[in-house]
Amino acid sequence: MKDKGFRIIRMETLAPRIKLMEVEAPLIARKAKAGQFVVLRLHEKGERIPLTIHEAFPEKGTITIVFQEVGKTTFELGTYKEGDTIMDIVGPLGNPTEIKKYGRVIIASGGVGSPIGYAVAKAMKEAGNYVLIISGYRSKEYVILEDKLRSVCDEIIIATDDGSYGRKGFVTHVLEEVLHKDPNWDLVFTVGPPIMMKLVCEITKHHNIKTIVSLNPIMVDGTGMCGACRVTVGGEVKFACVDGPDFDGHQVDFDELMRRLNAYKEYEKLALEKFAKERGLKI
Amino acid sequence: MKVKDRLNPPERPPEERIKDFNEVNLGFTEEMAIEEAKRCLQCPKPFCIEGCPVEVNIKGFIKQIAEGNFLEALKIIKKTDAIPAITGRVCPQEVQCEGACVLNKMGKPINIGKLERFVADWARERGLEEKPTVPEWNGKKVAVVGSGPASITCAADLAKLGYKVVMYEALHEPGGVLVYGIPEFRLPKKIVKHELDYLRQLGVEIKTNVIIGKSISLHELVEEYDAVFLGTGAGTPNFLKIPGVNLNGVYSANEFLTRINLMRAYEFPNYDTPVIKGKICGVIGGGNTAMDAARSALRLGFEKVYILYRRTRNEMTARAEEIEHAKEEGVEFMFLVSPVRFIGDEKGNLKAIELIRNELGEPDSSGRRRPVPIPGSEFTLDLDVAIIAIGQRPNKVLRQGVPELQVNRWGCLLVDERMRTTMPKVFAGGDAIRGEATVILAMGDGRKAAKSIHEYLSKGESWPDEIEAINKG
């Protein structure tokens with residue numbers, strides 16, 4: 001498997017610095033469920049990074065991943081084209097999101113969280129739930145996958161921070177409004193930037209609505225071997241890779257998660273600057 | 001009787017070797033090996049062999065070395081030890097063969113480990129190892145899960161018996177703990193690669209990036225193969241349950257070593273994986289993993305590296321050679337201290353550790369004297385990085401959704417003396433059944449399991465309804 005690598009069959013730009021990649025990974029495609037992720041390594045010198053699966057096509061043997069170019073590895077992945085291969089991909093990792101009939105479900109996603117929100121919304125809808133998607137983006141040009149999102153829910157509210165498209169404001173503002181009007185929701189699933197998830201959880205806690213969060217800490221192996229991804233949930237140390245990535249949002253220590261996400265900031269900056277210089281890229 | 005002094009191969013000087021990750025011990029020359037082998041008394045009752053977990057014919061192979069028949073010596077070793085270049089480097093000889101050597105009474109045991117390593121290196125470097133002959137396929141397929149020492153041995157033995165063996169590894173590189181855990185300066189990766197190439201020559205197919213329990217379920221494997229061997233190791237690190245354990249800069253030894261060994265973080269930014277660097281590093285623990293972490297930290301450029309151990313030198317489980325090497329290289333040992341909490345700054349970065357001093361009390365279940373904290377003796381030590389090396393347990397991923405695969409209270413798979421688990425067709429060995437043990441014991445298990453799998457498949461035995469577990473704990 002390693003000798004061949006994993007072939008990219010589609011690389012699409014969805015928004016500035018946000019890309020959708022479809023890659024051949026038959027073993028993963030066969031098993032992947034909503035909420036699960038892969039760990040990939042681009043080449044011999046690459047780091048291992050976790051990326052959440054957007055869609056899986058078992059018959060075709062492919063999965064799609066939406067990623068944002070933020071660090072060296074994602075920027076480099078962004079330079080890959082159709083036909084290029086990724087050296088290593090392992091998965092599907094993590095526990096799938098718990099899908100069942102809850103009743104009325106809100107999917108609150110932000111930015112590149114929305115492709116994962118899509119996967120969960122689709123599964124929730126298929127399980128017989130009434131699904132409302134609240135999806136927030138920076139501005140109009142960052143709105144991604146709108147048609148697909150619309151196809152897997154009963155209702156959708158799109159918001160942009162600057163009001164250039166849909167409702168003006170953050171996901172949290174919209175959520176607050178929705179819950180203020182009608183607090184009778186059975187579940188909120190949220191995925192996106194940690195600060196957004198933290199605030200979503202504060203709101204839902206106030207309304208006493210069960211909330212699942214999909215966490216995105218730093219990982220190395222992604223299989224429970226190192227503990228890089230440890231998070232504190234309900235006062236206990238958990239490994240997001242094998243105990244999560246979904247947790248009861250009301251129990252998660254988000255401040256710690258955010259501090260841990262910054263652990264390698266200087267190193268990441270250095271690696272990215274070096275890469276940009278080598279490739280003559282403006283970052 | 002005057003006994004000549006024990007010979008040890010030359011080592012690179014500490015000040016030179018801490019600048020890189022290359023091997024420390026340079027190995028015997030032919031002359032030195034012969035000279036050391038000639039010291040062997042060829043005891044009528046060789047205790048050394050009893051001291052070896054896989055009963056290598058030590059007396060026999062040393063005799064051959066003394067006579068200059070290095071290839072013959074290797075053949076003798078390989079009858080029971082498939083990976084002598086590795087075991088010669090990582091076995092705790094001082095509590096096994098060399099500990100049992102009669103000359104040890106005078107403190108001059110034969111340097112069995114280095115002799116074993118010598119013949120393996122000698123043959124490999126000259127390309128003189130026997131080429132494996134691949135027997136005709138016997139029509140049966142066995143899956144081996146994991147690619148560490150237990151799995152390597154099991155796969156090799158089965159392949160030699162004519163089985164089609166497929167090995168599954170979750171990481172991107174095979175070798176298990178030999179590649180992610182043990183550093184280059186103690187076990188060069190090229191040696192592990194060589195053993196894996198040997199497996200491939202035997203017809204073993206190695207599939208990386210496949211995690212059993214996720215990419216493929218254990219049930220699917222059992223369905224597809226005639227038998228399954230689980231050599232999945234003990235890869236889940238234990239963490240201290242103390243405040244501040246999630247501060248940035250607090251690592252499990254597994255993470256720290258994986259970043260360095262597998263991901264080559266010491267070559268960052270030429271390699272993409274970083275590891276946090278600083279001036280002062282503290283490693284908590286007293287085993288080989290702790291020594292590996294401490295010595296790796298020195299090589300990363302930490303100015304001060306402490307081993308923080310709750311008992312004393314006598315209770316340390318690390319190999320004597322590793323402790324010596326660590327000392328020579330400047331690792332500072334602080335005994336009889338236990339961590340109380342990690343202290344960080346407002347950004348969540350580690351700044352210091354609070355420790356409490358211990359005294360030794362009565363022996364505990366391990367037979368070692370138990371550390372008892374002395375009230376009021378707390379003190380703090382500034383640290384940039386802390387590495388927790390207090391042991392590992394088997395990974396639970398494999399078992400998710402497989403309740404029939406039973407474990408003991410430490411999460412180790414239950415097996416009987418024939419390495420059969422509680423799940424029909426499934427065998428196990430190595431750290432997966434022992435918790436954190438040694439390469440040689442894992443290898444012995446792999447060998448035993450291969451024999452047992454062969455018996456099971458060639459005799460068409462039925463699986464027992466209940467197994468008599470040897471590792472209930």
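Let us start with helix α8 of chain B, which covers residues 112–125. At 1.5 Å a residue, its 14 residues should span 20 Å, and the end C-alpha atoms are indeed 20 Å apart, so expectation and model agree. Keep in mind as you read that this is a predicted model. Is α8(B) mostly covered or mostly open? It is mostly covered, with 13 of its 14 residues buried. Just after α8(B) comes G127(B), which takes a positive phi of about 65°.

**Where the two chains meet**

Now turn to the place where chain B touches chain A. Here 46 residues of chain B are in contact with 51 residues of chain A. The size of an interface is often given as the accessible area lost when the parts come together. For chain B and chain A, the buried area is about 4000 Å², and carbon and sulfur atoms give 54% of that. Which three residues supply more of the area that chain B buries against chain A than any other three? They are K214(B), N246(B) and D272(B), which supply 18% of it.

D272(B) is also worth finding for another reason: its side chain meets that of K72(A) in a salt bridge, at 2.9 Å from N to O. Across the interface of chain B and chain A, the rule finds 4 salt bridges. It also finds 26 residue pairs in polar contact across this interface, with both residues at pLDDT 80 or more.

Several elements of chain B take part. β5 (236–237), β6 (250–252) and α13 (253–262) each supply at least two residues of the side that touches chain A. The largest share, 4 residues, comes from α13(B). The table sorts that side of chain B by residue class.

| Class on the side of chain B that touches chain A | Number |
|---|---|
| Nonpolar | 20 residues |
| Polar | 17 residues |
| Charged | 9 residues |

**A buried threonine in chain A**

Finally, visit T211(A), which is found in strand β13 (residues 211–214) of chain A. Is T211(A) buried or exposed? With a relative accessible area of 0%, T211(A) is buried, because a residue under 20% counts as such. Setting aside neighbours within four places in sequence, T211(A) is in contact with V188(A), T190(A), C201(A), T204(A), F247(A), D248(A), G249(A) and H250(A). With H250(A) there is a polar contact too: the side chains of T211(A) and H250(A) are joined at 3.4 Å.

Methods. Residues are numbered from 1 along each chain as its sequence is written. Chains are lettered from A and ligands numbered from 1 in the order in which they are written. This is a predicted model: local features need pLDDT of at least 70, side-chain atom pairs count only at pLDDT 80 or more; totals for chains, interfaces and linings use all residues. Side-chain values use heavy atoms; hydrogens and water are left out. Contact means heavy atoms within 4.5 Å. Buried area is the accessible area (1.4 Å probe) that two parts lose on being put together, summed over both. A polar contact is a pair of N or O atoms within 3.5 Å; within protein, one must be able to donate a hydrogen and the other to accept it, and residues adjacent in sequence count only if both atoms are side-chain atoms. Ala, Val, Leu, Ile, Met, Phe, Trp, Tyr, Cys and Pro count as nonpolar, Asp, Glu, Lys and Arg as charged, and the others, Gly among them, as polar. The expected span of a helix is 1.5 Å times one less than its number of residues. Buried means under 20% relative accessible area, exposed over 50%, partly exposed in between (1.4 Å probe, protein chains only).
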